Amino acid sequence: MHITDTYVGSEVLARETMFTLKNLCSDTIWPGTLAENNGAVLGGGGFSLAAGASNQFPAPAGWSGRFWARTGCKFDGSGNGKCNTGDCGNKLNCTGSGGVPPVTLAEFTIGSRDNHFMDFYDVSLVDGYNVGIGIRPSNGNGDCKYAGCVADLNANCPPELEVTSAGSGVACKSACTAFNTPEYCCTGDHATPATCPPTQYSRLFKQACPDAYSYAYDDETSTFTCSVADYLITFCPSGTQLLQMENLENHILSSIISNYRLLLQKLRSGVKHIFRDAINAPML
């Protein structure tokens with residue numbers, strides 16, 4: 001809950017969802033944003049985000065769209081330029097243009113009053129991979145699970161999918177982008193879940209990032225829901241950072257339990273003293 005939420009009693013009538021984008025990559029990235037159905041443009045459509053920096057902006061109820069990272073960008077003072085990965089029409093502001101594959105996507109459909117403000121979100125590798133992305137909901141109700149791709153797929157990308165710049169791997173194509181055939185793109189005679197099963201390449205993506213979409217029909221284990229939530233989108237989340245966060249959460253929980261037990265022991269001891277004093281007190 002935040003100050004933009006509107007309530008009648010305990011019912012939420014209107015709200016904005018707050019997105020926070022944080023860059024944990026070692027270099028500057030240029031996040032891009034794209035709304036569907038002529039929705040609100042968030043973050044101006046794209047911006048620069050230095051290593052360690054974050055940016056925050058709200059989205060209206062019912063908003064649907066995606067976020068991604070662009071890397072290796074150079075823009076002039078007018079916002080014209082080019083990126084090594086995730087480029088969106090050679091401009092800083094990606095209004096109306098999505099990122100050129102291969103690119104990792106954070107996708108959202110924000111809820112409205114009609115569905116009790118239930119959001120749907122996922123991290124997708126359907127268009128390939130350029131940097132890791134994590135989505136962490138906060139202040140929400142329901143499952144609200146962490147979604148993301150923490151592994152560095154660029155380091156383990158098959159040669160036939162690899163994209164390089166200056167001799168280094170900077171992205172990993174999806175099989176659809178690399179080969180453009182129906183069996184990899186789930187088109188034509190392969191346009192249903194029954195006729196487009198996982199491939200060796202989507203299995204490779206899924207093994208590395210179990211919570212991310214690995215190909216078009218990977219819905220069952222890759223779409224997450226949360227109601228009345230805000231979201232932290234982290235670029236280049238690391239397993240170490242996630243483990244540190246989980247350890248911190250476990251430490252806090254253990255401290256709460258330990259303090260509760262100590263308080264309970266003191267209460268029990270106090271009750272025993274009260275009864276003992278009452279028994280030993282002289283009769284009036």
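Start by selecting residues 133-138: this is strand β11, and it pairs with β12 in the antiparallel sense over 3 bridges. To see one of the pairs up close, pick Ile 133, whose bridge partner in β12 is Cys 149. Keep in mind while you click around that this is a predicted model.

Now widen the selection to the sheet around that pair. It's an open sheet of 5 strands, and if you walk across it you pass β5, β3, β16, β11 and β12 in that order. The pairing in this sheet is mixed. Color β5 (54-60) and β12 (147-149) to mark the edges; each of these strands pairs on one side only. Look along the sheet and you can check the turn between neighbouring strands, which is 20° on average, direction ignored.

Next stop: the other 5-stranded open sheet. Here the order runs β4-β6-β9-β10-β15, and the pairing is antiparallel. Select 32-35 and 224-227 to light up β4 and β15, the edge strands; each has a single partner strand, so one side of each has no neighbour in the sheet. The twist from one strand to the next averages 20°.

While you're there, zoom in on the β15 edge. Strand β10 (residues 118-124) runs antiparallel to β15, and 4 bridges join the two. For a landmark, label Met 118 and look across to Ser 227 in β15, which stands opposite.

Then jump to a hairpin. Select 162-165 for β13, which is joined to β14 by 4 bridges, again antiparallel. Thr 164 has Gly 169 of β14 as its bridge partner. The turn has 2 residues between the strands, and Ala 166 is the one to put through your dihedral tool: its phi is positive, near 55°.

Last stop: helix α3, residues 200-208. Which of its residues are buried? Show side chains for Tyr 201, Ser 202, Phe 205 and Lys 206, and you have them. Their arc around the axis is only 140°, which puts them on the same side of α3. The general rule behind such a pattern is that an α-helix has 3.6 residues a turn, so residues three or four places apart point the same way. Flip the view to the other side of α3 and you'll find Gln 200 and Gln 207, both exposed.

To finish, what do the buried residues of α3 pack against? Add β14 (168-172), α1 (175-179) and α2 (182-185) to the selection, and you have the packing partners. That brings you back to β14, the strand you just saw joined to β13 in the hairpin.

Definitions and conventions: Residues are numbered from 1 along each chain as its sequence is written. This is a predicted model: local features need pLDDT of at least 70, side-chain atom pairs count only at pLDDT 80 or more; totals for chains, interfaces and linings use all residues. Side-chain values use heavy atoms; hydrogens and water are left out. Buried means under 20% relative accessible area, exposed over 50%, partly exposed in between (1.4 Å probe, protein chains only). The arc is that of the directions from the helix axis to the C-beta atoms. Contact means heavy atoms within 4.5 Å. Two strands pair if DSSP finds at least two bridges between them. Axes are lines fitted to C-alpha atoms, for helices over the stretch in contact, and angles run from 0 to 180 degrees between N-to-C directions.
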